[in-house]
Amino acid sequence: MRRRNLVPGSGALLAALTADQASKALVVAEAARLAGGVPFAPGFNLVFGRNSGVTFGLFGDVPWWGLALVAAAICAWLLRIMVAAPTRSEAVAAGMIVGGALGNVVDRIRFGAVTDFLDFYAGAWHWPAFNFADVAVVCGAALLVLRPLMGRRAA
């Protein structure tokens, strides 16, 4: 195992989890005000919503604890990847994914659903609302996918 990358991976995990939970705490505290959406910038609102499913509301009929168990199992697998990561960027990417996934697991345990609040739109078309945990997962996954491609290009 390459534990030298454990520190940057753990740092990314904690940063993602902390940013996610702190932002959701603020949103929950302002839930009544955000329920109808608050314009923040052109094409972007802050809203308060809860998603009982996963991405785009898929599997919304699955019990919260079922989704939490699946996410926890995936987190355990990704933690192993983070600990054994051969590069810092891979450890950071895995840490970001785990931190984001754990942020949403915490929401499922506390509320039975995930708190979403970032609402991007164009005209009347709205992207499904999401949160910082989702951002961390997507950025971590993109880094895992792009890292090998960047390495080949440099060689």
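1. Which helices and strands each supply at least two residues of the lining of the second largest pocket? There are two helices on the list, α1 (6-29) and α2 (31-34), plus three strands: β1 (38-41), β2 (44-51) and β3 (114-122). Bear in mind that this is a predicted model.

2. Staying with that pocket, the space in it comes to about 230 Å³. Its lining counts 14 residues, and the ones closest to the centre are Val27, Leu34, Phe40, Leu46 and Phe117. By class, the lining splits into eleven nonpolar residues, one polar and two charged. If you want to set up a probe calculation there, those are the residues to display on screen.3. Now the overall layout. The chain has five helices and four strands, and along the sequence they come in the pattern α-α-β-β-α-α-β-β-α. Of the 155 residues in the chain, 35% are buried. Take the contacts between residues at least 6 apart in sequence: 69% of them join residues at least 24 apart.

4. How are the strands ordered in the sheet? The order is β1-β2-β3-β4, in an open sheet with antiparallel pairing. The edges belong to β1 and β4 (125-126); each has a single partner strand, so one side of each is left without a neighbour in the sheet.

5. The β1 and β2 pair deserves its own point. Three bridges link these two strands in the antiparallel sense. Two of the bridge partners can be named: Pro39 is matched with Asn45 in β2, and Val38 with Leu46, also in β2. Leu46 turns up again among the residues closest to the centre of the second largest pocket. The two strands make a hairpin with two residues between them, and Gly43 in the turn has a positive phi of about 85 degrees.

6. Which helices pack on the sheet? Helix α1 lies across β2 and β3, running at about 85 degrees to β3. Helix α4 (residues 88-111) packs on the sheet as well, touching β2 and β3, and its direction makes about 120 degrees with that of β3.

7. What about enclosed space? A search of the whole structure finds one cavity of 30 Å³ or more, and the largest cavity has a volume of about 30 Å³. Its lining is made of Gln21, Lys24, Ala25, Val28, Asp107, Arg110 and Phe111. The elements giving two or more residues to that lining are α1 and α4, with α1 giving the most, at four residues. The classes here are three nonpolar, one polar and three charged.

8. Is Val114 buried or exposed? This residue lies in strand β3 and is buried: its relative accessible area is 4%, and the cut-off for buried is under 20%. Leaving out residues up to four places away in sequence, Val114 touches Lys24, Gly49, Arg50, Asn51, Asn104, Asp107, Arg108 and Asn131. Lys24 and Asp107 are also in the lining of the largest cavity. As for Asn104, it sits ten residues from Val114 along the chain, and their C-alpha atoms are separated by 5.8 Å.

Conventions. Residues are numbered from 1 along each chain as its sequence is written. This is a predicted model: local features need pLDDT of at least 70, side-chain atom pairs count only at pLDDT 80 or more; totals for chains, interfaces and linings use all residues. Side-chain values use heavy atoms; hydrogens and water are left out. On a 1 Å grid over the protein atoms alone, a cavity is a set of points where a 1.4 Å probe fits but cannot get out, and a pocket is an open set with protein on both sides within 12 Å along at least five of seven lines; lining residues have an atom within 4 Å of a point. Grid points are joined across faces, edges and corners, and a volume is the space filled by probe spheres set on the points. Ala, Val, Leu, Ile, Met, Phe, Trp, Tyr, Cys and Pro count as nonpolar, Asp, Glu, Lys and Arg as charged, and the others, Gly among them, as polar. Two strands pair if DSSP finds at least two bridges between them. Contact means heavy atoms within 4.5 Å. Axes are lines fitted to C-alpha atoms, for helices over the stretch in contact, and angles run from 0 to 180 degrees between N-to-C directions. Buried means under 20% relative accessible area, exposed over 50%, partly exposed in between (1.4 Å probe, protein chains only).
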